[in-house]
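Reader: Got a minute to walk me through a model? I'd like to fire off some quick questions as I look at it.
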Amino acid sequence: MKLYLASFIEPENFGPGRVIGIANGSKPEHVRCEAVFTPLIPNNSIINNYYELKKTDAEKASKLFVEAFSKQLDAFASDVELQAEEEDCHIHEVLPFKDGDTLASWERESRNNYRDLVEKVLERLGYEIERH
């Protein structure tokens with residue numbers, strides 16, 4: 001099953017399926033975002049710590065963001081794997097994604113963003129990913 005990771009502001013990179021947000025806050029009016037999938041969004045603690053530390057040490061803030069969000073994503077993947085095992089089903093039956101869906105956040109493809117971390121966990125769960 002193939003999923004796309006893209007920016008809300010670059011719809012030319014969307015797949016043919018639904019758009020599912022992986023970012024908090026408002027969504028652009030020109031994009032029909034059908035759902036938000038919070039397990040793939042950095043939690044508020046991670047975001048708040050990042051912005052606070054960034055004021056004094058941007059490099060350290062980035063490093064800690066990656067570490068904390070990676071832990072969050074690893075816990076999510078472990079929970080999904082366990083649920084699939086307990087229910088004796090494929091991981092893709094546990095998650096709400098369909099072939100061709102796009103998971104969208106705000107940062108443009110050329111800017112630093114967390115979609116690469118999301119890509120790694122989705123690949124671990126058996127998805128084919130096209131990341132922009």
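Reader: Let's begin with helix α4: which of its residues are buried?
Author: This is a predicted model, to be clear from the start. In helix α4, which covers residues 115–124, the buried ones are Arg 115, Leu 117, Val 118, Glu 119, Val 121 and Leu 122.

Reader: And what do those buried residues of α4 pack against?
Author: Their partners are three strands and a helix: β1 (2–7), β4 (102–105) and β5 (128–131), plus α2 (58–86). In general, an α-helix has 3.6 residues a turn, so residues three or four places apart point the same way.

Reader: What follows α4?
Author: Gly 126 does, and its phi is positive, near 95 degrees.

Reader: Switching to the sheet. What's the strand order?
Author: The order is β3-β2-β4-β1-β5, an open sheet of five strands with parallel pairing. β3 (33–36) and β5 are the edge strands, each pairing on one side only. On average, neighbouring strands in this sheet are turned by 30 degrees against each other, ignoring direction.

Reader: How does α4 sit on that, and what angle does its direction make with β1?
Author: α4 packs on the sheet and touches β1, β4 and β5. Its direction makes about 170 degrees with that of β1.

Reader: ok, β4 then. How many bridges join it to β1, and how many to β2?
Author: Four bridges join β1 to β4, and the two run parallel. Strand β2 (residues 19–21) pairs with β4 over three bridges, also in the parallel sense.

Reader: Who stands opposite whom between β2 and β4?
Author: Val 19 is opposite Thr 102, and Ile 20 has Leu 103 as its bridge partner.

Reader: Which way do the β4 residues point?
Author: Thr 102 and Ala 104 point one way, while Leu 103 and Ser 105 point the other way. All of them are buried.

Reader: Back over to β1. Is Ala 6 buried or exposed?
Author: Ala 6, which is found in strand β1, counts as buried because its relative accessibility is 0%. It stands opposite Ala 104 in β4.

Reader: What's Ala 6 in contact with, skipping its neighbours within four places in sequence?
Author: Asn 13, Phe 14, Thr 102, Leu 103, Ala 104, Ser 105, Arg 115 and His 132. Arg 115 came up earlier as one of the buried residues of α4.

Reader: New topic: pockets. How much space is in the largest one?
Author: About 560 Å³.

Reader: What lines it, and which residues lie nearest the centre?
Author: The lining has 18 residues, and Tyr 50, Tyr 51, Phe 65, Glu 107 and Tyr 114 lie nearest the centre of the largest pocket. Helices α1 (44–54), α2 and α4 each supply at least two lining residues. The largest share is from α1, with four residues.

Reader: Say I pick Lys 63 in α2. Buried or exposed?
Author: Lys 63, in helix α2, is exposed, because its relative accessible area is 54% and the cut-off for exposed is over 50%.

Reader: And how far is Lys 63 from Leu 122?
Author: Their C-alpha atoms are separated by 21 Å, and the two residues are 59 apart along the chain.

Reader: Last one, the cysteines. How many disulfides are there?
Author: Zero. As for exposure, Cys 33 is partly exposed with a relative accessible area of 23%. Cys 89 also counts as partly exposed, at 23% relative accessibility.

How values were computed:
Residues are numbered from 1 along each chain as its sequence is written. This is a predicted model: local features need pLDDT of at least 70, side-chain atom pairs count only at pLDDT 80 or more; totals for chains, interfaces and linings use all residues. Side-chain values use heavy atoms; hydrogens and water are left out. Buried means under 20% relative accessible area, exposed over 50%, partly exposed in between (1.4 Å probe, protein chains only). Contact means heavy atoms within 4.5 Å. A disulfide is a pair of cysteine sulfur atoms within 2.5 Å. Two strands pair if DSSP finds at least two bridges between them. Axes are lines fitted to C-alpha atoms, for helices over the stretch in contact, and angles run from 0 to 180 degrees between N-to-C directions. On a 1 Å grid over the protein atoms alone, a cavity is a set of points where a 1.4 Å probe fits but cannot get out, and a pocket is an open set with protein on both sides within 12 Å along at least five of seven lines; lining residues have an atom within 4 Å of a point. Grid points are joined across faces, edges and corners, and a volume is the space filled by probe spheres set on the points.
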